[in-house]
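These are my notebook entries on a single structure, set down in the order in which I looked things up. The structure itself is shown first.

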Amino acid sequence: MTYKTLAQTLAEHVTDNHNATPELNDWMRLLLFDFLGVSLGGARLDSAGAARAAVTASNQRSPQHSAALLGTDSWTSPEDAALVNGILAHGLELDDTFEEASLHPAVVIFPALLAVADERELPAEDLVAAAIVGYDVMCSVGVLLGARESYGRGFHPTGVAGVLGSAAAVARMLGLGVEETRHALGLAANMASGSLEFLSDGSWTKRLNAGQAASTGIRAARLAAAGFRGPERSLEGRDGFLVQYGQGKQPGRELALTFGRGALQTSIKFYPCCRYMHGNIDLLRGIHSDFPDLTVQDIQSIDVGVIKAGAALVSEPAERKLEVSSTVDAQFNMPFGAALALTTGKATVDQFAHAPHIAAELLPWMEKVRCYTSEALEAAFPASWQAEVHVRLKGGDVISRSEAAFRGSAGDRPGWQDIEEKIAGLLGVERAAQLAAATRSMDLQAARRPEVTAVS
């Protein structure tokens with residue numbers, strides 16, 4: 001029997017004649033609503049402003065400027081729009097997460113598809129169908145790659161797996177055939193990139209990784225459509241994607257390609273920080289609610305279980321995590337998140353925006369945080385992200401909490417009202433309601449109106 005390459009298998013999935021269920025269609029619209037709200041909420045970030053300033057834009061739509069920049073009245077090229085919109089979507093760290101692969105699909109898939117839909121003036125229904133297979137490819141490749149292996153090599157899964165998801169989604173939207181799509185995936189695998197070095201100094205390259213993956217996926221699909229060829233064994237080959245960014249094709253780890261699985265298993269964030277911190281923030285907020293009078297003098301230690309794959313992001317090195325000089329430092333900082341949740345009962349965008357000042361006040365609490373690994377957490381990972389904390393009091397009592405699924409995950413899925421409340425915290429109640437209604441009806445022009453988030 002002739003061997004079927006991974007790229008060929010993915011290409012056949014992308015081009016197959018799938019039928020989405022009403023549940024899947026509604027969930028995709030909800031993911032799009034979440035993406036648009038978070039993106040518009042992040043449109044004023046300094047990193048978003050720098051990204052906009054780096055591209056050529058116009059206040060008039062034209063063949064050269066055919067894709068919209070979210071949060072503005074400006075237009076630019078599709079690849080530049082995907083780059084900028086991916087950067088601003090990933091800036092608040094409120095974007096969705098496919099936990100099993102530890103990556104963020106929306107900030108890659110939707111910027112690419114919105115840009116191409118603008119350029120080609122394609123119907124919104126085409127965007128939904130393309131987004132579903134884009135999620136499938138990005139998430140299944142991410143699982144095959146393995147977050148632990150990718151992180152261990154210093155790579156950012158959203159950046160490296162995302163470019164394949166973007167290329168797949170755009171190939172579907174452009175109507176490419178199996179062979180063209182296979183080449184698009186091969187080219188995307190060749191152009192994948194994105195490091196974790198932002199952790200060393202709080203810089204903005206994690207946001208860039210999302211935008212670059214979105215933009216590069218468009219380029220890969222266009223090259224393939226024009227006849228440019230990519231390697232057949234682009235993923236599993238001797239020098240291929242899986243070897244470069246992980247440990248190659250591992251026994252027992254296969255592509256999990258079921259139509260819609262990527263999207264349906266994707267979780268939504270409610271805190272503006274790394275997803276590895278969310279479960280513990282949930283638990284510590286609950287302890288704050290039950291024990292509002294706890295003081296730092298009462299506490300011996302705050303013991304927080306951290307999944308090993310995320311430790312390099314949120315808890316290591318421990319000494320470095322006590323230094324918070326920027327929002328990014330706080331977004332990937334379990335001691336900060338734990339202290340914030342336990343002392344204030346919240347973890348908001350505003351708090352993370354003012355993290356250096358707040359961290360100085362919280363330092364005595366942060367110094368009490370001890371991050372540890374747990375056999376129970378590791379046994380459940382990566383299929384299930386669980387959390388556990390123990391607040392040990394000086395008198396000997398211990399307040400322990402655990403949860404089997406982070407809030408917003410497939411095991412605790414939010415609905416439209418939950419996301420509308422989340423987006424209202426970013427854009428205001430009226431604009432969040434308008435955005436929800438526009439996204440439900442797939443009126444993308446209305447959904448992207450920049451009134452509330454207009455920038456110069």
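**Backbone outliers.** I began with Glu93, which I found in the loop between α4 (78-89) and α5 (106-120). The model is a predicted one, and in it Glu93 has a phi near 60°, a positive value in a residue other than glycine. Is Glu93 buried or exposed? Its relative accessibility is 2%, so I entered Glu93 as buried.

I then turned to Met442, in the loop between α21 and α22 (444-447). Its phi is also positive, near 55°, and Met442 is not a glycine. I recorded a relative accessibility of 8% for Met442, which therefore counts as buried.

**Cis peptide bonds.** I noted a cis bond between Glu316 and Pro317, with omega at about -10°. I placed Pro317 in the loop between α14 (308-314) and α15 (327-331). I noted another cis bond from Phe381 to Pro382, where omega is near 5°. Pro382 belongs to the loop that lies between α19 (375-380) and β5.

**The hairpin.** I followed β5 onward to its partner. Strand β5 (residues 387-393) runs antiparallel to β6 (residues 398-403), and six bridges join the two. I traced one of these from Arg392, whose bridge partner in β6 is Val398. The two strands form a hairpin with four residues between them. In the turn I marked Gly396, which has a positive phi of about 110°.

**Helix α20.** Does the length of α20 agree with its residue count, or disagree? I took 1.5 Å a residue, by which the 12 residues of α20 (residues 416-427) should span 16 Å; the end C-alpha atoms are 16 Å apart, which agrees.

I next listed the buried residues of α20: Trp416, Ile419, Lys422, Ile423 and Leu427. They cover an arc of only 130° around the axis, so I assigned them to the same side of the helix. I recalled that an α-helix has 3.6 residues a turn, so residues three or four places apart point the same way. On the other side of α20 I found Gln417, Glu421 and Gly425 exposed. I looked up what the buried residues pack against, and the entries are α2 (22-41) and α21 (429-440). Directly after α20 comes Gly428, with a positive phi near 100°.

**Nonpolar cores.** Which members of the largest nonpolar core touch the most other members? I wrote down Met28, Phe110, Leu164 and Phe241, out of 104 residues in that core. Helix α6 (residues 124-145) gives the most to this core, with 15 residues. I then examined Phe110 with its neighbours within four places in sequence left aside. Its contacts are Met28, Leu31, Leu32, Phe35, Leu127, Ala131 and Tyr135. I also registered a second, separate core of 54 residues, which includes Ile299, Val306, Ile307 and Ile399.

**Cysteines.** How many disulfides does the structure hold? I counted zero. For Cys139, the nearest cysteine sulfur is that of Cys274, 16 Å away. Cys139 has a relative accessible area of 1%, so I noted this residue as buried. For Cys274, the closest cysteine sulfur is in Cys273, at 7.2 Å, which is too far for a bond. I applied the cut-off here: a disulfide needs the two sulfur atoms within 2.5 Å. Cys274 is likewise buried, with a relative accessible area of 5%.

Key: Residues numbered from 1 in each chain as written. Predicted model: local features only at pLDDT ≥ 70, side-chain atom pairs only at ≥ 80, totals over all residues. Heavy atoms only, no water. Core = buried A, V, L, I, M, F, W, Y, C linked by side-chain atoms within 4.5 Å. Buried < 20%, exposed > 50% of the residue type's maximum accessible area, 1.4 Å probe, protein only. Contact = heavy atoms within 4.5 Å. Pairing = 2+ DSSP bridges. Expected span 1.5 Å × (residues − 1). Arc of directions from axis to C-beta.
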